[in-house]
Amino acid sequence: MSIFEKITSLAKRRGFIYPGSEIYGGLAGTWDYGPLGVELKRNIKNEFWKHMVQERSDVVGLDAAIVMSPKVWEASGHLESFSDPLVECKKCHHRFRADQLESDKCPDCGGEFTEPKQFNLMVETYLGVAEGEKLKTYLRGEITQGVHVNFKNVTDSTRVKLPFGVAQVGKAFRNEITPGGFTFRSREFEQMELQFYVKPDMEGSMKWFEYWKEERIGWYHALGMKKENLRFKEHAKDELAHYARAAFDIEYAVRENGSTSPTADDVAWKEMEGVHHRGDWDVKRHQEFSKVDMTYFDEETKERYLPYIIETSGGVDRATLFFLMDAYTEEQMANGEERIVLKLHPKLAPFKAAVFPLLANKPDLVRLAGSIRDDLKQLWMIAWDERGNIGKRYRAQDEAGTPFCITVDFESLENNDVTVRDRDTMQQERVKIAELKSYLAEKLK
Ligand code: GAP
């Protein structure tokens, strides 16, 4: 089984991610996050916000509309240039992205292809009620433009001074020709971005570009992604997007056979986040198309200018997928059995702990376990399981990535303590119920 198949299967089995609209046969390129997936994804977005907005004094946040005036997309260049080369098989009529094909014959039937033509990725939609007067517009193809059209609003309504950034997290939509690789290439997905405005000088702006590259890769390291699984890849001049002056991707090493060995050589490096130097492309184009003055007045130098933009643009779904892949571990236990465990960083784990009454048919145990669960729930997401034996409950929580399991047994009724089992080491220790919160707070840092 490939690592993609293993993660897809685990995600469905445990309630991380399901195919979109599954009972109707699915809708290609869409995915639904289940009870565990929504927590993992929310934790990733919260960590992004904490690191990029809350803990900094030079970044503010924003949440712009998904549907914007169609003029935005004209100005940003998306209507003209946001496309991929498409070919169609003359025999079976299946469509493919020309730049992703390995041969000049159709992989499905061996037929010949048409000449490639550019296919625009923007998803169209219509607003308004009167037939004939409906406004044709688009679901945003990137969350970026919502920030740039508000550049003036932010500088006029807050005390920000250059250099400063605006962060945003939200949905984007692309009519991808070949969605696939589980959630890797979807038609609806989420992005977490920073647009950082700096003085328009190339040397100074490149220092900020380097700074943000290191910040962003460091964020993934700090949340536990293995260093050997991350690298930078520079875009060659002919690969640069229409707005970019320089670009690096942060790539993740997908080890296709599911091997987690850092030395395995069957690695496919996949884009997870982009760091882009956008020059003054966006503010200049919006100034040109809206006729609104987008210049910034520099109090120090008394000059007006259009700022340069350094962008960090990460995919929340790709980060979720790669955090899952990175954490996925198959281990041989002392008794010879194999266990699958998600060694997620505690900050990302959907549940921080699970509480079990040793036996479901002993009301005293269930009552005490229930009160411990309710108490801990004031601080963290806490799972509950009373089915099957303890071994099975541990296996289920290992696959969910829950760092600690807390068992209430008969001794607990006498001694006011519980057994706490560590997900990674499988070590168990007795902890006083009164000290559980501080014990977990320390371990979950
Ligand atoms: N604002 C710049 C921008 O959108 P991008 O490289 O097109 O740049 C940024 O996208 C990130 O968004 C990618 O690195 C990836 O993580 C995510 N992304 C892009 N297309 C995606 C898709 N079809 N499905 C899932 N994630 C996607």
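Start with the whole chain shown as a surface: its accessible area comes to about 21600 Å², and carbon and sulfur atoms account for 49% of that. Accessible areas here follow the Shrake-Rupley method with a 1.4 Å probe, and for residues only the protein chains shown count as cover. Before going on, please note that this is a predicted model, in which local features need pLDDT of at least 70 and side-chain atom pairs count only at pLDDT 80 or more, while totals for chains, interfaces and linings use all residues. Residues are numbered from 1 along each chain as its sequence is written, and side-chain values use heavy atoms, with hydrogens and water left out.

**The whole chain**

Switch to cartoon and you will find 13 helices and 24 strands. These are DSSP runs, numbered from the N terminus: H or I of at least four residues for helices, E of at least two for strands. Along the principal axes, the C-alpha atoms fill a box of roughly 75 × 65 × 55 Å. Of the 445 residues, 51% are buried (under 20% relative accessible area; exposed is over 50% and partly exposed lies in between, with a 1.4 Å probe and protein chains only).

**The ligand**

Now select the ligand and the 22 residues around it; T144, E193, E271, M272 and E311 come nearest. A residue belongs to this set if one of its heavy atoms lies within 4 Å of the molecule.

Which atom of the ligand lies 2.8 Å from a polar side-chain atom of E142? Pick E142 and you will see that the partner is a nitrogen atom. Next, click on E271, where a polar side-chain atom sits 2.5 Å from an oxygen atom of the ligand. At G315 the approach is through the backbone, with an N or O atom 3.0 Å from a ligand oxygen. On its own the ligand has 560 Å² of accessible area, and the protein covers 93% of it.

Colour the strands next: β11 (188–198), β14 (267–279) and β17 (308–315) are the elements that each give two or more residues to the shell around the ligand. Highlight β14 in particular, as its six residues are the largest share of that shell.

**A last stop at K237**

Finally, move to the loop between β12 (230–234) and β13 (246–255), where you will find K237. Is K237 buried or exposed? K237 counts as exposed because its relative accessibility is 69%. Draw a C-alpha to C-alpha distance from K237 to A247: the two are ten residues apart in sequence and 9.2 Å apart in space.

Methods. Polar contact = N/O pair within 3.5 Å; in protein donor to acceptor, adjacent residues only side chain to side chain.
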